[in-house]
Protein chains: 2
Amino acid sequence: MELLGESLIGAHSVRGDAGEITATDMTTGKVVGPHFGGNTKSDLDRACGLAEAAFEPYRALPLEKRAVFLEAIAQAILDLGDELIQRCMQESGLPRPRLEGERGRTVGQLRLFAQVVRDGGFLDVRIDPALPERKPLPRPDLRLRNIPLGPVAVFGASNFPLAFSVAGGDTASALAAGCPVVAKAHSAHPGTSELVGRAVQKAVKDCGLPEGVFSLLYDSGTAIGQGLVADPRIKAVGFTGSRRGGLALMGIAAARPEPIPVYAEMSSINPVLLLPGALAARGAEIARAFVGALTLGAGQFCTNPGLVLGIDGEGLQAFIDAAKAAVLDAPAATMLTPGIFNAYCSGVETLAGHAGVETLARGKEGTQFQGRAGLFATTADQFLAQHALQDEIFGASSLVVRCRDEAQLISVLHAIEGQLTAALHLTEADHPLARRLLPLLERKVGRILVGGFGTGVEVAHAMVHGGPFPSTSDGRTTSVGSLAISRFLRPVCYQDLPAGLLPEALRDENPLGLTRRMDGKVATPTA
Amino acid sequence: MELLGESLIGAHSVRGDAGEITATDMTTGKVVGPHFGGNTKSDLDRACGLAEAAFEPYRALPLEKRAVFLEAIAQAILDLGDELIQRCMQESGLPRPRLEGERGRTVGQLRLFAQVVRDGGFLDVRIDPALPERKPLPRPDLRLRNIPLGPVAVFGASNFPLAFSVAGGDTASALAAGCPVVAKAHSAHPGTSELVGRAVQKAVKDCGLPEGVFSLLYDSGTAIGQGLVADPRIKAVGFTGSRRGGLALMGIAAARPEPIPVYAEMSSINPVLLLPGALAARGAEIARAFVGALTLGAGQFCTNPGLVLGIDGEGLQAFIDAAKAAVLDAPAATMLTPGIFNAYCSGVETLAGHAGVETLARGKEGTQFQGRAGLFATTADQFLAQHALQDEIFGASSLVVRCRDEAQLISVLHAIEGQLTAALHLTEADHPLARRLLPLLERKVGRILVGGFGTGVEVAHAMVHGGPFPSTSDGRTTSVGSLAISRFLRPVCYQDLPAGLLPEALRDENPLGLTRRMDGKVATPTA
């Protein structure tokens, strides 16, 4: 498929004429064609108009058709074949196996949401039948289901050009909920975005859906992204990116005449807690696994382990020694964009320059745009005194905080901001301490894991990829896993509707075979 | 119980010394003692500190103990006996049967949430067991449950001194979720608030809970309310009141270093749609029921029918004629506060003064602080041209909008803001039109009802008392019914936790007997 540098507005390809976006081949530093046209406000207006027009017919589709559409997108992405992988490697600097894996994740996500749609549990159907004889007043017939919010704006992420971008988790969950999507391509991978966008556009057409179910815009600056969030037809926003970017979108959304929810996944340093028993038993082994997780994908994960907490002593020293050796050995890795590379370098430099921060090790030098891993250490006293030591450095940099004792470890945990994940390394002897830490960790993070690192984020029903502010804008939600659909829903109650006017999901005879709450009790359908 | 004019800070009674709050006997216009002390910032600080300290032990309680606590509050409120009703009648001007009913609702709400807590469905337990043999990567063990957000600020409402105030729906659902509550008494009914507050305080003590689970503050101005929303220990806000008040709290919450959710139920004019068949069949009958709903409780319900839409013609005229007659006959009714009475009078005057608004009828004159019902009419053209005609007038005033035809009725619906409810009156012949209206109504309101009016809000599992902005700050939720608990929860995922560290709700053996999602499929417990 020839890349045209065009945006996709409903069924049409439109070359925007507000500036240009050009990809950089991160391995060579050279510009890769074609040039993509940035969209204008009037393109944005058309995309939002089409999305609004598509909303009613799209949400009214039988669930089965919505599920088939999600599967058609998955297939259309696979049908792009190796061209997608090659273009994406070029634009992102990410290696083939990672991108093949990410494509699998993207396709798997779409298929998971197809199942979620078929299951129908997300409708949260509740029926409280009428009690006409109740005294002093009869109870009306009450039925509840979730409906979709309306058109959703999705912002592609730099670090997951497939799984968190044009047809990534936000798009999949919004479409699954019944919301049309207006996506904004990330400027770092415009060609990947066009390819995936065309796959979605094809699925819309092949499934006979209204064209406005999906559009893809390009932004040569910030006007289109900001305009999307401000557009009155947009009813929710999905975003994965920097804290600054997320906060800006939250501000725009809150200032609208009608404020809307922004689901922004922003920044996290994902503390790793090394408990004494684990350090004594396998400090060096944990260190090697840790450096593996730290340097995976050049450290460019929201869940990268950027903070290590341990109690000073022989065990922690053994961990540090082994981690130093592994970092020294770590090859430099190509980063996603020149901007991310530069921010990483300056972030590491700033960290190294803080009072009381020791540079333990740097990874091997690389070529242009290749980030060198960095391992640093400080004391808990310093960490508690300098809030800037919590700043996320996006890339393979981590800070080990030496705590005096358990009490100080707990003080540090109290002091950290909301995070996506916390990882515990422990043995059975550490369980009493772990029991003390868990309630505190629950308040700080969205996912607590034992014996590993947060970098892998399974797409599953029980996953939470979210966490208290500022790791996300809204800690009540997740952006990965089937629960992500609930971000784009709201409940509606139907009181005393004649049977003939009830939505199918709410009819007595349960034609969709849904699990429902009847008078508050879960009732699974009889086969 | 002697009223002392004191706030309740944990287990203590504290007389605030930042100004005074005094109730007015609405039937006489006279001051009712005692004077209540307004709280200081340092009182607020103590209440929030105690709430924070109570959070961990409170949320760690077995669900059964939490449920028993809610039931103990219900019983303690009943144990206040007639003193509560008498004081509340005096402060609110509401009649005895209404307040006895409201007490029943309040107690019923607490008991419903006790059931919800015992059921445990709100924990939304999901388990995706490990798949160690999966290729290319094993799947970790993933388990999810909801945990409470933290201490919640609850603002008492003027119009429901029991059911939406100190121990009302917000408090009941927050406590059910596992969140301590710091309540702010509404200044219109300080004595009622103290009585109910002491009942909650007694239940906290009798159940042996940490004192900070509940505090009750008084605010002689706005500093305490605003300070509560700004306090870093408060993690969510429940509010029922004016749009201005709700927007102010939303602004404070969004500007915090850590923004928090505000669940504000603000303003709504609750359109009533009179479809042609129903008008032809029983226009006059509907009109009499409508005026009954309009004037109920002096019209001081969030769900009061403030807007009537119909297609011009004989049927609508018959409705109007009968409604006029009923309004002319309607006795004036004592309003809740002098401020609300004055706002009602000026709101009605403003409405009557708008171009193209005809005053159809006013209810009987009354004594001081008694509101007279008001019925007004305008054309859809006028309504569409003047946005101010949508402003809520809190009280027994309603505006009939004459539409030319179905298309114009639909245009009016498109133009209205988010609402709590919409009521349809129809016959079978109206079903085709109703089917066209329903998708639009779903986007505009939280509850659609047929054949009645929205004023009764059943406390049930399938209730939604919420709706798109500006009827509430967050249309994804409800403030009435069991689903209200979800406002105060967030999900946490546990990955690869050793069995010994798992929360009880997540253990394989399901000791709490919860309905769970296992690998995405609903599994009810085996008995």
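## Exercises on a predicted two-chain model

In this predicted model, strand β20 of chain A (residues 445-450) is joined by 3 bridges to β21(B), and the two strands run parallel. The exercises below begin from this pairing.

**Exercise 1. State which residue of β21(B) stands opposite Ile448(A), and find where the cis peptide bond between Phe469(B) and Pro470(B) lies relative to the strands of chain B.**

Step 1. Opposite Ile448(A) one finds Tyr494(B), a residue of β21(B).

Step 2. In chain B, the bond that joins Phe469(B) and Pro470(B) is cis, with omega about 5°.

Step 3. Pro470(B) belongs to the loop between β20 and β21 of chain B, and each of these two strands supplies at least two residues of the side of chain B that touches chain A.

**Exercise 2. Describe the extent of the contact between chain B and chain A, and then its composition on the side of chain B.**

Step 1. Counting residues, the contact takes 77 from chain B and 77 from chain A.

Step 2. Counting area, the two chains bury about 6,000 Å² between them, of which 56% is on carbon and sulfur atoms.

Step 3. For polar interactions, 40 residue pairs are in polar contact across the interface, both residues being at pLDDT 80 or more, and the count of salt bridges between the chains is 12.

Step 4. A salt bridge that can be located in the structure is that between the side chains of Arg59(B) and Glu442(A), with 2.9 Å from N to O; this lies within the 4 Å cut-off.

Step 5. The elements of chain B that each supply at least two residues of the side touching chain A include α1 (41-60), α14 (431-444) and β6 (142-148).

Step 6. By class, that side of chain B has 38 nonpolar, 26 charged and 13 polar residues.

**Exercise 3. For chain A, place the annotated domain and two backbone features, at Pro136(A) and Asp519(A).**

Step 1. An unreviewed UniProt entry carries the annotation "domain: Aldehyde dehydrogenase" for residues 20-424 of chain A.

Step 2. Over that span the helix content is 46% and the strand content 20%, while the end C-alpha atoms lie 46 Å apart.

Step 3. The peptide bond from Lys135(A) to Pro136(A) is cis, with omega near 0°, and Pro136(A) is placed in the loop between β5 (126-128) and β6 (142-148) of chain A.

Step 4. Asp519(A), a residue other than glycine, has a positive phi near 50°; Asp519(A) lies in the loop between β22 (516-518) and β23 (521-523) of chain A.

Note on methods
Residues are numbered from 1 along each chain as its sequence is written. Chains are lettered from A and ligands numbered from 1 in the order in which they are written. This is a predicted model: local features need pLDDT of at least 70, side-chain atom pairs count only at pLDDT 80 or more; totals for chains, interfaces and linings use all residues. Side-chain values use heavy atoms; hydrogens and water are left out. Contact means heavy atoms within 4.5 Å. Buried area is the accessible area (1.4 Å probe) that two parts lose on being put together, summed over both. A polar contact is a pair of N or O atoms within 3.5 Å; within protein, one must be able to donate a hydrogen and the other to accept it, and residues adjacent in sequence count only if both atoms are side-chain atoms. Helices (H or I, at least four residues) and strands (E, at least two) are DSSP runs, numbered from the N terminus. Ala, Val, Leu, Ile, Met, Phe, Trp, Tyr, Cys and Pro count as nonpolar, Asp, Glu, Lys and Arg as charged, and the others, Gly among them, as polar. Two strands pair if DSSP finds at least two bridges between them. UniProt positions are given in the numbering used here, feature names are shortened, and annotations may be inferred rather than shown by experiment.
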